[in-house]
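Reader: I am new to this structure and would like a close look at a single part of it. Please take one strand, go through its partners, and then turn to the aromatic residues.

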Amino acid sequence: MGDDTRLTAWVRGRVQGVGFRWWTRARALELGLAGWARNMDDGRVEVVAEGSRESCVKLLELLRGCDTPGKVTGVVERWSEPRGSLVEFMER
């Protein structure tokens, strides 16, 4: 777990009701990440992912890319130490 990290990203735009959480889960699973994506009351989606730094960076790039469902207008990120309690990636 030497290069493991925890990424928390808040994604804003038209990201609820368009399959964004499902899409994020699929990408995270492809990258071998654990965590979740959940809708927030203010219309954003919160994404928490733990795994290798390389995979988390790739997920962040995908979240900011143009191939997401809906329309992403911004992503704010925070990096922290992994907690190690996550075993799968799910939609909440």
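Author: What follows describes strand S3 and its partners, and then some aromatic rings. The model is a predicted one.

Strand S3 covers residues 45-52. Of its 8 residues, 7 are buried, so the strand is largely enclosed by the rest of the structure. Buried here means a relative accessible area under 20%.

Strand S3 pairs with strand S1, which covers residues 4-14. The two run antiparallel and are joined by 8 bridges. Within this pairing, Arg6 stands opposite Glu50 of S3. Strand S3 also pairs with strand S2, residues 34-39, again in the antiparallel sense, over 6 bridges. Here Gly35 has Ala49 in S3 as its bridge partner. S2 and S3 form a hairpin with 5 residues between the strands, and in this hairpin Gly43 takes a positive phi near 95°.

Now the aromatic rings. The structure holds 1 aromatic pair. It consists of Phe20 and Trp23, whose ring centres are 6.0 Å apart and whose planes meet at 35°, so the pair is tilted. Both residues belong to helix H1, residues 20-30, and because they are 3 residues apart there, about one helical turn separates them. Phe20 counts as buried because its relative accessibility is 1%. Trp23 is buried too, with a relative accessible area of 10%.

Two other tryptophans have an arginine over the ring. Arg92 lies over the face of Trp36, 3.9 Å from the ring centre. The charged end of Arg53 sits over the ring of Trp79, at 4.3 Å from its centre.

Note on methods: Residues numbered from 1 in each chain as written. Predicted model: local features only at pLDDT ≥ 70, side-chain atom pairs only at ≥ 80, totals over all residues. Heavy atoms only, no water. Buried < 20%, exposed > 50% of the residue type's maximum accessible area, 1.4 Å probe, protein only. Helix = DSSP H or I, 4+ residues; strand = E, 2+ residues; numbered from the N terminus. Pairing = 2+ DSSP bridges. Phe/Tyr/Trp six-rings, centres within 6.5 Å; stacked < 30°, edge-to-face > 60°. Lys NZ or Arg CZ within 6 Å of the ring centre and 35° of its normal.
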